[in-house]
Amino acid sequence: MAKSDYPRVTIQMLAILRAMLDRPLEERYGFELLAITGIQSGTLYPALMRLERVGWLQSHWEEIDERREKRPRRRLYRLTAEGEPAARKAIAKAKREDGLAGRFVGAPPIPAKGEGA
Amino acid sequence: MTVLVVALAFAGSMAVAIAIGLVTEDAKGWIPHLRRHLLNRACDRLPSTERDRWHAEWSAELEAASDRPLWSLAQAIRLNVAARTMARELTPPQPLGERVRSQGTAAVSATSKHLATLGGLLRGVRETAERLAGSELREVRAFARGVGGHYAEQMRQITALVGNVVRGGGTRRRDDGLYFYFRLLTTVLSLIATFALALNLGESLFR
């Protein structure tokens, strides 16, 4: 995957990052993010793809017994070690600027361990 | 009178309920097919290297949401929008000259394909008209032979008349049956071919 230093962060990307930061250790699948963020799938997946390409998110196939679960395995997304601080930084920047993106992001993200409030 | 209105309203509501039930039942059958078609169409937009991954991901998500058929159908439609955006981002931008050339080639290819179709259709129409005109000619010839008289002159006139029909000429009256159907057929076929051509051109230009 091609990685760039700092991508152009859209409102949709901020909303996804915000949802991921709420529970940074949890993995989420596409339609789950769709329900949490309220973004339509037409913009959610391009945003997920961008975040994955810059290395802020990583994805892998769910490990389940498809027969037992009676559904196909999903693709799960989670923040990378690089993505978590970058996401916090992007959200803080959006809030500072107090533009549309800042209002969209809503409440400040949960501070990481050792990070001041 | 009131009883009649109530009875009619009851019958109407029953009919609507039955119709809705039938449509809903029917939808359960065709929505998964339509959803699969839309998903395949979305994935076809993506570069071949990415296709399998996104197909697997999206089909899993849609299948998990199959208990909400209309919602999942709407998502399948939106995934086409997603795929279009993703394809644009995943495909390296071509220089303007290259883009114009490739789109021009696609447009010419689409045009030639449809011109061949149009040509084939018109040839078919012409052959049918010739056959029709031929049978008419035979009938008229038999009649002329039967009545005798100025056979050569009659044949000349009839041949000219049939020739006009085949060429779509204007010597016949518009209420003439054969002429009318011939013109109607060619007009309809031309409209269909033009529409298909425009559709394909549009698709190749704005893809």
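**Exercise 1. State how much surface chain A exposes in this predicted model, and describe its overall architecture.**

*Solution.* Chain A exposes about 6,600 Å², of which carbon and sulfur atoms supply 49%. The model is predicted. Turning from surface to interior, 45% of the 117 residues in chain A are buried. The secondary structure of chain A comprises six helices and three strands. Read from the N terminus, these elements follow the order α-β-α-α-β-α-β-α-α. Finally, consider the contacts in chain A with a separation of 6 or more: residues 24 or more positions apart account for 59% of them.

**Exercise 2. Determine how many aromatic pairs the whole structure holds, and classify the one formed by A:F31 and B:W71.**

*Solution.* A search over all chains finds four aromatic pairs. For A:F31 and B:W71, the ring centres are 5.4 Å apart and the planes make an angle of 85°. Planes over 60 degrees apart count as edge-to-face, and the pair is accordingly classed as edge-to-face. The next step is to locate the partners: A:F31 belongs to helix 2 (residues 30-37) of chain A and B:W71 to helix 3 (residues 69-90) of chain B, and the pair crosses between chains. As for accessibility, A:F31 is buried because its relative accessible area is 8%, under the 20% cut-off. B:W71 has a relative accessible area of 28% and is therefore partly exposed.

**Exercise 3. Classify the pair A:Y45 and B:W58, and describe the surroundings of its rings.**

*Solution.* The centres of A:Y45 and B:W58 lie 5.5 Å apart with 75° between the planes, which is an edge-to-face arrangement. A:Y45 is in helix 3 (residues 41-53) of chain A and B:W58 in helix 2 (residues 48-64) of chain B, so this pair joins two chains. Both A:Y45 and B:W58 are buried. Together with B:W54, these two residues form one aromatic cluster. B:W54 also has a charged neighbour: B:R53 lies over its face, at 3.9 Å from the ring centre. Within chain A, the charged end of A:R74 sits over the ring of A:Y29, 3.8 Å from the centre.

**Exercise 4. Identify the residues of the nonpolar surface patch on chain B, and examine B:V188 within it.**

*Solution.* The patch consists of B:Y181, B:L184, B:V188 and B:I192, with about 400 Å² of accessible area together. B:V188 is located in helix 6 (residues 177-206) of chain B. The relative accessible area of B:V188 is 39%, so this residue is partly exposed. Membership of a patch requires over 30% relative accessible area, a condition that B:V188 meets with its 39%.

Conventions: Residues numbered from 1 in each chain as written. Chains lettered and ligands numbered in written order. Predicted model: local features only at pLDDT ≥ 70, side-chain atom pairs only at ≥ 80, totals over all residues. Heavy atoms only, no water. Patch = residues over 30% accessible without salt bridge, like charges linked within 9 Å, V, L, I, M, F, W, Y side chains within 5 Å. Areas by Shrake-Rupley, 256 points an atom, 1.4 Å probe, with all protein chains shown as cover. Salt bridge = Lys/Arg side-chain N within 4 Å of Asp/Glu carboxyl O. Helix = DSSP H or I, 4+ residues; strand = E, 2+ residues; numbered from the N terminus. Buried < 20%, exposed > 50% of the residue type's maximum accessible area, 1.4 Å probe, protein only. Contact = heavy atoms within 4.5 Å. Phe/Tyr/Trp six-rings, centres within 6.5 Å; stacked < 30°, edge-to-face > 60°. Lys NZ or Arg CZ within 6 Å of the ring centre and 35° of its normal.
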